[in-house]
Each structure stands twice: as C-alpha cells, then as structure tokens.
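Here is an informal walk through one protein model, for anyone meeting it for the first time. Have a look at the sequence and the picture, then read on.

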Amino acid sequence: MTNAEKSAVLILLGPPGAGKGTQARMLQDQFGLVQLSTGDLLRAAVAAGTDAGRTAKAVMEAGDLVSDDIVIAILRDRLAEPDCAQGVILDGFPRTEVQAQALDALLGESGQKINAAISLEVDDSAMVTRVSGRFTCGGCGEGYHDTFKPPALSGTCDKCGSTDMKRRADDNAETVASRLEAYHAQTAPLITYYRDQGVLKPVDAMGEINTIAADLAAITRNLHG
Ligand code: AMP
C-alpha cells in the first residue's frame, strides 16, 4: 500500500441496499481504511441513550434523515479519532448538500480532500428485497442476506462463530420506501456535486458482491496512480 492510499478519503454513495456497508467492510479489510458509517454511529448513540440518540431514534424509525447538525457533530468527533489518520471510507455520509459542504470544510482544516466519491448504481426495484433480507452478526458486524449471502451454517457467523444475528428495525418494506424517497430527494443530487468536483466514480452495483468489490479495489489502487 502506498502512503497516499493510507490517507485516502473515499465516499460511498448509493441508496439503502446498494451495498455500501458490505463494500466498505471489504475495503477496510483489504486496504486498512477505516469504515465510518453514520448509520452505525447513530445506532450506537440510540443504544447508549445519548441526547443525540434520543432525538434521532424516531426519525430513523420513520426512514427520514436525522438533522444535519446532529450527524455532522457525530461525524466530526469520529473523524478526530487517531485511527482515521490511516484513511477513511465514508458509508452513508454525506447525505445532503449541507453535509457535503461541512465535510469539505472539515477536511480542508487538516489539509485533506476527497479522493473519490464512488456511486453504487442500482435499480430501485431491487432494493426492497435486498434490504428486507439482510441481517448482521452482533459479534463482529459481518453482514449477511437470506438469499444473496447466507452464512455457511444457518444462524452462525462465518467470520467469528457468533450466533447472535441482528436485524435492523428500519429494514422493513414500509420504512425502506421512505428511505429510498429521502435518498432521491436529498442525497442523489450529491452525484452532480461530486461530478463537478471531478472525483465521481460510478460503478454498476447490480452484480455479484465480489465483482463489485474488485471494481472498488481497482479504483482505490488507482487513486494516486
Ligand atoms: P444507514 O445505516 O446508513 O442506512 O442509516 C440508517 C438511518 O440513519 C437513516 O435512514 C437515517 O435516518 C440515519 N442516517 C444515517 N446517516 C445519516 C446522514 N448522513 N444524515 C442523516 N441521517 C442519517
């Protein structure tokens, strides 16, 4: 790995179910970049019962976007932790233009910039099935899917052997519809935002997980030539 890869800032854009979490974890394993998921950070805040978590809970259950102020504050604190110096993959952030501008400003303070905004391109019609079948290992966070990525031994994590599998409260058909709506209204415009910055990398994300991962790995390797 080059030094440039180590300090890379990658963004994964795409609707719920596009595979952002799965691909971010694969890039983390392969390149040592740190996956920063604002959804995970918010779920941790909800579980910990912080003020931000209490405010975010109902919004997340409705499939709407949590306020920019809360999300930007959570992301800023996480980005300041020392492990982020090795490079980050932002998964689920930014989701609005205000967040995108805040990110540019935050990175600018430390002389960093976005190396690539990878847009995972998918058909909306497939997303409800993708999201409603998914679950996660409570032990190590590995993601699974009833149809597309079942564990080898049903109910047992391939990676860590835990049998503590979790499904998200907002991964149901009704909430996914609201989340897709929020994506198209508020997040999809960021595709133009990053195209204008010259960092947009569109990737067809309807195929096999490993094929998409190979495309993303090639983009990451080629970031700095
Ligand atoms: P995710 O795990 O990325 O699917 O996010 C789950 C939920 O957390 C979303 O439906 C939003 O309610 C909230 N959320 C996560 N990231 C953001 C963000 N960057 N801005 C606003 N809300 C967010």
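## A walk through the model

Let's start at one spot: D170 sits in the loop between β7 (165-166) and α8 (173-187). Keep in mind that this is a predicted model. Is D170 buried or exposed? With a relative accessibility of 10%, D170 counts as buried, because the cut-off for that is under 20%. Setting aside residues up to four places away in sequence, D170 touches M60, T175, V176 and R179.

R179 turns up again with D171, since the side chains of D171 and R179 meet in a salt bridge of 2.9 Å, N to O. D171 is buried, with a relative accessible area of 10%, and R179 counts as buried too, at 11%.

**The chain as a whole**

Now step back. The secondary structure of the protein chain comes to 10 helices and 8 strands. Along its principal axes, the C-alpha trace spans about 45 × 35 × 35 Å. How does the radius of gyration fit with a compact globule? For 225 residues such a globule would have a value near 17 Å, and the protein chain has 17 Å, so the two agree.

Of the 225 residues, 44% count as buried. The protein chain exposes about 10,800 Å², and carbon and sulfur atoms supply 51% of that area. There is also plenty to say about reach along the sequence: among contacts between residues at least 6 apart, 71% join residues at least 24 apart.

**Salt bridges**

Side chains of opposite charge can pair when their charged atoms come close. How many salt bridges does the structure hold? The count is 16, and the table lists some of them.

| Pair | N to O distance |
|---|---|
| D29 and K159 | 3.0 Å |
| R167 and D146 | 2.9 Å |
| D171 and R179 | 2.9 Å |

The side chains of D29 and K159 meet in one of these salt bridges. This pair links distant parts of the chain, with D29 in helix α2 (residues 20-31) and K159 in the loop between β6 (143-145) and β7, 130 residues apart. D29 is exposed, with a relative accessible area of 53%. D29 and K159 also belong to a network of salt bridges that links R25, D29, E142, K149 and K159.

The side chains of R167 and D146 form another salt bridge. Here too distant parts of the chain are linked: R167 lies in the loop between β7 and α8, D146 in the loop between β6 and β7, and 21 residues separate them. D146 counts as partly exposed, at 42% relative accessibility.

**Strands and their partners**

Strands of a sheet pair through backbone hydrogen bonds, either parallel or antiparallel. The model has both kinds of pairing, so take the parallel example to begin with: β2 and strand β3 (residues 88-91) pair in the parallel sense over 4 bridges. S37 stands opposite D91 in β3. In strand β2 (residues 34-37), V34 and L36 point one way while Q35 and S37 point the other way, and all are buried.

For antiparallel pairing, look at the open sheet of 3 strands in the order β6-β5-β7. β6 and β7 stand at its edges with a single partner strand each, so one side of each is left without a neighbour in the sheet. Strand β5 (residues 134-137) and β6 pair over 3 bridges, and F135 stands opposite Y144 in β6.

**Two helices**

Which residues of helix α9 (residues 189-196) are buried? They are L190, I191, Y193 and Y194. Seen down the axis of α9, these buried residues fall within an arc of 160°, so they line one face of the helix. Their cover includes β1 (9-13), α6 (97-109), β4 (116-121), α8 and β8 (200-204). Just after α9, G198 takes a positive phi of about 80°.

The other helix is α5 (residues 68-79), where I72 is found. I72 is buried, with a relative accessible area of 11%. Leaving aside neighbours within four places in sequence, I72 is in contact with F93, V98, Q99 and A102. I72 and P94 are 22 residues apart in sequence, and their C-alpha atoms are 8.7 Å apart in space.

Note on methods:
Residues are numbered from 1 along each chain as its sequence is written. This is a predicted model: local features need pLDDT of at least 70, side-chain atom pairs count only at pLDDT 80 or more; totals for chains, interfaces and linings use all residues. Side-chain values use heavy atoms; hydrogens and water are left out. Buried means under 20% relative accessible area, exposed over 50%, partly exposed in between (1.4 Å probe, protein chains only). Two strands pair if DSSP finds at least two bridges between them. Contact means heavy atoms within 4.5 Å. A salt bridge is a side-chain nitrogen of Lys or Arg within 4 Å of a carboxyl oxygen of Asp or Glu. The arc is that of the directions from the helix axis to the C-beta atoms. The radius of gyration is taken over C-alpha atoms; the globule rule is 2.2 Å times the number of residues to the power 0.38. Accessible areas come from the Shrake-Rupley method with a 1.4 Å probe; for residues, only the protein chains shown count as cover.
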